Amino acid sequence: MKKSFLQLFGIFAVTASLITGCSSTEDTASASTFVVNPTNFQGTITNGEVILNASTVYKLTGKIQVNDGATLTIPAGTVIDGVGGTSAYIAVAQGGKIFVNGTASNPVIMTSGLATKRAGDWGGLVICGRAPINRVTGGASVAQSEVADLSYGGTIANDNSGSIRYLRIEYAGAAFNTEKEFNGASLFGVGSGTVFEYVQTYHGSDDGFEFFGGTVNTSNLVSIGNEDDQFDWTEGWNGTNTNWYGKIDFNKGNRGIEADNFELGYANTPIANPKITNLTLVGPGSAADATIFTENSGLKLRRGTKGMFTNVFLSGWKVGFDVENDETIAFVGNELKATNVTFDAIATKSKGKTTAATTADVSAVFTESLSVSTGAGAGISAPSWSLNWAIGF
């Protein structure tokens with residue numbers, strides 16, 4: 001599956017499979033029958049590798065889907081402009097691979113192609129893998145993704161969907177209706193063989209990042225101005241993560257993190273149990289309009305999730321840690337715990353609610369820092385690792 005976009009002898013946009021004896025920019029690349037049209041970028045890549053060209057702006061008018069056995073490679077500096085609402089998105093099916101090869105000085109940018117850019121102008125990035133999910137307890141289930149209608153889940157914990165580095169996703173989150181919409185990046189059953197680091201979601205209309213089960217590990221994620229939660233997980237996601245920065249800076253939004261095990265089976269296995277080291281979550285301020293910021297909590301932990309958080313900086317939330325449901329509360333202080341936490345302008349550090357809607361003492365969910373924690377690197381300020389490629393701090 002390979003359609004390469006290269007410049008060969010001054011001629012741009014040549015399909016490798018049409019050139020006898022021509023190899024792509026990578027010796028191992030194989031020919032693809034997929035034909036790329038930069039002004040009408042859409043279609044399904046079924047074989048070989050497609051390599052885009054950083055000197056071209058791609059107008060994403062429909063879906064780009066990377067099927068099993070196929071590869072999409074996006075070099076540093078490439079810009080993809082989404083112009084098709086819910087029809088315009090990039091999806092990687094089980095067995096497909098995507099390689100986003102951005103750099104700190106030259107990130108890949110997926111954004112709105114409209115003259116006036118707004119949240120929800122296009123879909124977003126969807127990756128579907130074969131790692132375990134817990135929609136059926138035991139972790140061997142397979143489901144259909146909420147968006148893109150692709151299968152995800154399975155038993156391959158180290159499944160590999162490619163490598164994503166230095167990517168900025170802007171103005172995504174197009175909605176079909178109030179119950180079905182894209183996130184900036186939706187990771188469905190993505191495995192630990194996938195590299196996912198230095199990625200920003202910016203001013204999307206739903207969540208910035210959402211993990212639907214899987215085992216993918218992440219580092220250096222930035223989520224700013226997304227209009228629901230900055231980070232979200234469910235369906236038994238387990239991953240090890242370092243350096244997360246989230247901030248609500250629009251007059252919309254709810255939480256820094258919304259975390260579930262599984263909404264239809266609070267005790268389903270594998271139980272969601274990510275580890276996050278170096279976390280900053282910046283809210284709208286404890287006095288924000290309650291009719292707009294309906295939740296206004298740094299971390300909403302519920303429906304049986306576990307989680308371990310280390311070196312946490314929370315600023316500008318009405319509630320720091322909001323813990324709900326008996327199954328979740330049972331883990332507090334042991335398998336659900338945050339250590340080295342700094343609270344800055346937080347009205348209530350923690351609150352708990354049982355399944356029966358009675359209050360519970362969940363103060364053991366956190367241990368405060370003896371000194372100011374650095375969070376993702378610099379407290380409320382932009383961390384050094386985000387310089388040049390991330391925006392909106």
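I began with the largest nonpolar core, a set of buried Ala, Val, Leu, Ile, Met, Phe, Trp, Tyr and Cys residues joined through side-chain atoms within 4.5 Å, where buried means under 20% relative accessible area with a 1.4 Å probe, protein chains only. This core has 67 residues, and those touching the most other members are Leu72, Ile98, Trp233, Trp244, Ile257, Phe309 and Phe321. Apart from it I found another core, of 14 residues, which includes Ala93, Val126, Val147 and Phe212.

I noted that this is a predicted model, in which local features need pLDDT of at least 70 and side-chain atom pairs count only at pLDDT 80 or more, while totals for chains, interfaces and linings use all residues. Residues are numbered from 1 along each chain as its sequence is written, and side-chain values use heavy atoms, with hydrogens and water left out.

Next I looked up the contacts (heavy atoms within 4.5 Å) of Trp233, leaving out residues up to four places away in sequence, and among its partners I listed Phe211, Trp244, Ile257, Ala272, Pro274 and Phe309.

I then turned to Ser369, which lies in the segment after β31 (366–368); strands are DSSP runs of E with at least two residues, and helices are runs of H or I with at least four, numbered from the N terminus. Ser369 counts as buried because its relative accessibility is 17%, and, neighbours within four places in sequence aside, Ser369 is in contact with Asn340, Val341 and Thr342.

Finally I checked the chain as a whole, and recorded 1 helix and 31 strands, with buried residues making up 60% of its 393 residues.

Conventions:
Buried < 20%, exposed > 50% of the residue type's maximum accessible area, 1.4 Å probe, protein only.
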